[in-house]
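Please work through the following exercises with the sequence and the 3D view open beside you, and try each task before you read its solution.

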Amino acid sequence: MSRPFWWVLAGVASLSLMSLTSLMVGPVSVDVSQAWSALFNFDSSDTSQVVVRQLRLPRTVLAIISGCCLAVAGAITQGVTRNPLGGPGILGINAGAAFAMVTAIHGLNILSPSGYVWFAFIGAVVAGFLVYIVAQVGPGGTTPVKLALAGAVVTALLSAWTSTLLLLDEETLDEARFWLAGSLTGRGTEEARLLFPLIVVALVGALLLGSSLNTLSLGEETAVSLGQKVGLVRLSAGVVSIALAASAVAIAGPIAFVGLAVPHIARALVGSDYRWVTLMCLTSGPCLLLGADIVGRMVVSPLELQVGIVTALVGAPFLIFLVRSRRLTSL
Amino acid sequence: MNLLSLAAPSLQTLSYLVVAFVSVAIAISLSRRITISQRAVRCRIFSGLTDLRLLRLCMGTLLLTIFLGLLGLEIGEYPIPRFEAIKTALWSRGGEFDFVVNSLRFPRVLAALLAGFCLAISGALFQSLLGNPLVSPDVIGINTGAALCAVFVLTVGADLSVLPWAAFVGAVLTAILIYSLAWKQGVNGSRLVLIGIGINALLASGITYLMVKYPIERVVAAARWQVGSLFGSSWSDVRILTLGVVIITPLALLLVPKLRLLQLGDELAIGLGSRVEMERMAIIVVASAYAAIAVAVIGPLGFVALLVPHMVRLIVGPLTGGGLLLTGLVGALFLLGCDLVAQQLFAPTTLPVGVVTAALGGPYFLFILVRYNRAL
C-alpha cells in the first residue's frame, strides 16, 4: 500500500481517538467505559452518561461535520484558484453569513437559530461568489494578493454594515455575539440534519473533482490542451466549495482558518494528488476542529473559549508562517 | 427601533443629499478642467516649482471646508442663526449660545476635520508606498490593533481617560508587529499586505473574545466605539489631534520626495542613493502614527483612509507634497460632510459617522477593486 493510504488510515484512527476524547473532556469528566456505554448501552439514570449523550455527542458530531466541510472547501478552493490562501475565511464567506444573519434577526425579527441559519447560508453563498468574481477580473486570474484583498475588502464592507445593524439595537447584539464567535455549544442538530444531504452530495462531488483538479494544477493552457473543459471544472468546483463552506458556517458559525490550514497540512503529508488531499482533509479537518474545541473547553475551565477564537489564535500565526515561507507562490 | 422606520428620512434631508452628491460630482469634473500650470518660485536660497493647479484646488477645498464647518456650527437639533454661531465661536465667548456652540458643536467640527485629515494622509502614504490602492490602515490591521486595546479598556471598565492612549499604543504596536513579521531580507509590499490581513484576523478574534466574555452593557459601549463616532468630542480630543498633526505633518512632507524615489522600485531607488529600508520604515511609522492618533480619538473609522486618497489621485495623479496636503483637506471635508449627514439623515436619531462612511464608501470601494484588478 502507498504512503498516502497509511496517512489517511492514521487520520481515521486519530479522528476516532479525538472523538472519544471530546466525549470525555469537560467540566464533568467521564471515563472511557462510561463514554462507551453512553454510546452503545445507554442508561438514562446515570448523569454522566446523560451529559455525554445529550451535550457532548451532538457537539462532537457537529464538529466532525463542519470540520469536513471547512477543510474540503479549503482544499477545493486552493486547487481551483491555484492559490495557497484560498479558504472560507479569506473568501469573505463568514462575513457574508454574519451580515445576512444579523439582518434576519434585526430586520425580520427571526430569533430561532433554525430560522436564521438559512439566511446565514444564503449570505455566505452570495459573499463567496462576489469575492470569487471580483478576484477573477483582470489578467492572471486569481493571484494570492488579489484574492486576499478582494476577500478583505468585502469582509470590511459587510462587517461595517453588520456592526451598524448591531448598534441599532442591543437585543440583536446580545443574540448575535455568541453566534459570531463561532461556537459549537448550544447549536441544535436540526440544521445539520437538514443540510446533511447537501453536504454529502457536495463531498462526493469534491472527491470526484480530484482528478480534474490534478489536471488543472498543471496550468490552464495544459489543461485545455489535454481536453479539459476548464470553465466547467471551475464552475463546479466553485459551487461545491461555496456550498460546503456555507453549510459549515450555518452549522457552527464563522470558524476561521480551518479551511486554510488543513489543506496545507494534508498536502505536506500525502503529496499533491488532489484525490488523496481531499480524503486526507476529510479526516484531518475534523481532527483539528475537535482538537480546538477540546482545548477551548480546557484552558479556561469551567468556562469555555469559543472554538472560532481558538482556531483563529492558532490559524493566524499559521497564515503568517505560510506567507513568509517560500511556498506561497507555488501551487 | 426597526429598520423600516429608520429607512424613511424626511424628503427635505433627501433633497439636500441629492444636491450634495450632484455638487460633488460637478466639483470633481470642474477640478479636472483647471489647466495644469507651474510657476518657478525663487527666493534667496530656496527655489522650486509650484503647481498652480494644485494650489487652486487646495484653496477651493479649503473654502468648501470652511463653509461646511460653519454649517456644522449652525445646524442641529437646536438651530442657531449663522452670524450668531460664528460670533460665539470666534470672538464673543459666552452669551446665549455658548454651551451649544463652544462645548458641543465647535469641538466636534474640529475633531472631524483633524481626524479626516489624519486618516486620509495615512491612507495616501500607505497606498503610495505599497503601490496598491486597496491598502489602508483599516485593511492591514492597524485600526484593529487600536480597537483591541480600546475594547479591552471599555469592557473591563477601566478609567475612560486612558482610552485614547491605549488605542494609540495598540495601533503603533500593531504597525511594528506587522513590519517586523514582514521583514525577510527587506520588506516586500505584497508580503506586508498579506501579513497585515493575517494579523487583522488575529486581533479581530481577540475583540470577539472580549465581546463574548463581558456582560452586554459594556459590550454595547465597545460595539459603538468600534464603528467610529464623533459623538461627545471634547476640546481635549481636539488638543490631542492638533498636537499630532502639528508634529507629524512636517515629517510627512519631508518624506514625500523619498517616497517618490521608492515608487520607482527598490533597485532604481538604491541606485539613486536611497537608503531604501530606512526610508520605508520611516514612512510606515509616520503613516501609522497618523492613523493611530485619529483612531485613538474617534475610533476605528473605516473607509476614509481607503477612499479619499483614491479620489484625490483621480484628480491630481501621483503623490506630491502638495497632493498630500490636498488629500488631507479632502479627507477633512469628507469626514465633516459624513458627520453632518450622520446627524441629519434620520434626525433626531443620530448615527455614528462610521455608518455613513461605510455606506458611502463600501460600494465605491468594490468599484475601485474591480477597476484596479482590470488594470493590473
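The exercises below concern a predicted model, and they treat a contact between chains, a cavity and a salt bridge.

**Exercise 1. The contact between two chains**

Task: Describe how much area chain B and chain A bury between them, and work out which elements of chain B take part in the contact.

Solution: Begin with the residues that take part, which are 49 from chain B and 49 from chain A. The size of an interface is often given as the accessible area lost when the parts come together, and for chain B and chain A this buried area is about 4100 Å², with 79% of it on carbon and sulfur atoms. Turning to the elements, the side of chain B that touches chain A receives two or more residues from each of helices H1 (3-6), H7 (163-182), H8 (189-213), H9 (216-227) and H15 (353-375) of chain B. The largest share of that side, 15 residues, is given by H8(B). When the residues on this side of chain B are sorted by type, 36 are nonpolar, nine are polar and four are charged.

Task: How many salt bridges and how many residue pairs in polar contact are found between chain B and chain A?

Solution: The count of salt bridges between chain B and chain A is zero, whereas two residue pairs are in polar contact across this interface, both at pLDDT 80 or more.

**Exercise 2. A cavity**

Task: Find the second largest cavity and state what kind of residues line it.

Solution: The structure holds two cavities of 30 Å³ or more, and the second largest has a volume of about 40 Å³. Its lining is made up of B:Phe126, B:Ile140, B:Ile142, B:Ala175, B:Ile178, B:Tyr179, B:Leu192 and B:Ile284. H7(B) supplies the largest share of this lining, three residues. Sorting the lining by type gives eight nonpolar residues, with no polar and no charged ones.

**Exercise 3. A salt bridge within a helix**

Task: Which residue forms a salt bridge with A:Asp293, and where do the two partners lie?

Solution: Side chains of opposite charge can pair when their charged atoms come close. Over all chains, five salt bridges are counted. In one of them A:Asp293 is paired with A:Arg297, and their closest N and O atoms are 3.1 Å apart, which is within the 4 Å cut-off for a salt bridge. Both A:Asp293 and A:Arg297 belong to helix H12 (residues 274-299) of chain A, where they are four residues apart, about one turn of the helix.

Technical notes:
Residues are numbered from 1 along each chain as its sequence is written. Chains are lettered from A and ligands numbered from 1 in the order in which they are written. This is a predicted model: local features need pLDDT of at least 70, side-chain atom pairs count only at pLDDT 80 or more; totals for chains, interfaces and linings use all residues. Side-chain values use heavy atoms; hydrogens and water are left out. Contact means heavy atoms within 4.5 Å. Buried area is the accessible area (1.4 Å probe) that two parts lose on being put together, summed over both. A salt bridge is a side-chain nitrogen of Lys or Arg within 4 Å of a carboxyl oxygen of Asp or Glu. A polar contact is a pair of N or O atoms within 3.5 Å; within protein, one must be able to donate a hydrogen and the other to accept it, and residues adjacent in sequence count only if both atoms are side-chain atoms. Ala, Val, Leu, Ile, Met, Phe, Trp, Tyr, Cys and Pro count as nonpolar, Asp, Glu, Lys and Arg as charged, and the others, Gly among them, as polar. On a 1 Å grid over the protein atoms alone, a cavity is a set of points where a 1.4 Å probe fits but cannot get out, and a pocket is an open set with protein on both sides within 12 Å along at least five of seven lines; lining residues have an atom within 4 Å of a point. Grid points are joined across faces, edges and corners, and a volume is the space filled by probe spheres set on the points.
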